[in-house]
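Biologist: I would like to learn how to read a model of this kind, beginning with one residue and its surroundings and then moving on to a sheet. Could you take me through it?

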Amino acid sequence: MTANVTIRIQQSDFDVAQEIAALTEGRSDVGAVVSFTGICRGSEDGAAIAALTLEHYPGMAEAEITRHAETAMSRWELSGIRVIHRVGRITPGENIVLVVTGSKHRHAAFEAAEFLMDYLKANAPFWKRVDGADGTDWIEARDHDETAARRWTKS
Amino acid sequence: MKLKYFAWVRERIGKSEETVEPPPSVQTIEELIGWLAARGETYAHAFETPRVIRAAIDHAHVKQDTAIAGAREIAFFPPMTGG
């Protein structure tokens with residue numbers, strides 16, 4: 001299979017349907033596409049939020065996602081991967097992150113998408129700040145995100 | 001070497017990057033954190049709980065016992081919360 005890997009970090013929104021189409025267009029060897037979209041909630045720990053502001057480490061963020069995409073390509077038989085992570089100010093209901101995986105069969109596509117999201121949450125250098133009614137505050141990392149990433153290291 | 005700070009580490013120190021020349025006795029990330037913490041109140045506040053600080057050398061995650069010799073860019077930041 002020819003690999004089709006695209007990684008983008010951008011302020012603007014993305015079109016999920018268009019990104020899925022980009023993995024299947026012009027080829028007949030893709031039997032399964034899985035997409036995950038992370039969306040900004042309207043509350044954090046029970047308190048309403050006005051927006052999230054996403055900060056990232058330019059250069060390293062791309063490098064980390066690329067590293068994990070390469071790991072996924074070597075671990076599962078994938079036809080392609082698309083990862084888009086937004087940065088800047090994002091309001092409730094807006095998209096934050098997209099992972100799309102394509103494969104001949106569904107298991108590889110499902111597993112690779114979950115693997116990529118788990119690793120991205122724990123290892124990609126992005127930070128969320130909440131803009132709420134009482135000012136701004138950084139979201140704290142959750143232990144279960146690191147646990148979720150670690151389970152993929154067991155073989 | 002160039003240092004970069006992100007999220008609340010950046011906010012507490014009050015700058016996003018700077019160039020420093022630590023003394024030769026500072027050989028690891030852990031020692032660099034200790035040296036930075038002694039530079040003033042803003043640094044002491046940023047590094048008050050060293051175990052939560054994450055570090056990267058030249059865009060790769062490293063543990064705190066990693067040697068800093070040869071590093072061009074070292075970044076300090078809180079645990080990541082993207083995705």
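Modeller: Let us begin with Leu32(B), which, once its neighbours within four places in sequence are left aside, is in contact with Pro22(B), Val26(B), Ile68(B) and Ile74(B). Please keep in mind throughout that this is a predicted model.

Biologist: Where is Leu32(B) found, and how far apart are the C-alpha atoms of Leu32(B) and Pro22(B)?

Modeller: Leu32(B) belongs to helix α2 of chain B, which covers residues 29–37, and its C-alpha atom is separated by 7.6 Å from that of Pro22(B), although the two are ten residues apart along the chain.

Biologist: Is Leu32(B) buried or exposed?

Modeller: A residue is called buried if 20 or more other C-beta atoms lie within 10 Å of its own. Leu32(B) has 23 within 10 Å and is therefore buried.

Biologist: How should I read a sheet, and what is the order of the strands in the one in chain A?

Modeller: Strands of a sheet pair through backbone hydrogen bonds, and they do so either parallel or antiparallel. In chain A, four strands form an open sheet with mixed pairing, in the order β1-β5-β7-β2; its edge strands, each pairing on one side only, are β1 (4–10) and β2 (32–39) of chain A.

Biologist: How many bridges join β1(A) to β5 of chain A?

Modeller: Seven bridges join these two strands, which run parallel, and Asn4(A) stands opposite Gly80(A) in β5(A).

Biologist: Which helix lies across β1 and β5 of chain A?

Modeller: That is helix α2 of chain A, residues 60–75, running at about 155° to β1(A).

Methods: Residues are numbered from 1 along each chain as its sequence is written. Chains are lettered from A and ligands numbered from 1 in the order in which they are written. This is a predicted model: local features need pLDDT of at least 70, side-chain atom pairs count only at pLDDT 80 or more; totals for chains, interfaces and linings use all residues. Two strands pair if DSSP finds at least two bridges between them. Two residues are in contact if their C-beta atoms, placed from the backbone, lie within 7 Å. Axes are lines fitted to C-alpha atoms, for helices over the stretch in contact, and angles run from 0 to 180 degrees between N-to-C directions. A residue is buried if 20 or more other C-beta atoms lie within 10 Å of its own, exposed if 12 or fewer, and partly exposed in between; C-beta atoms are placed from the backbone.
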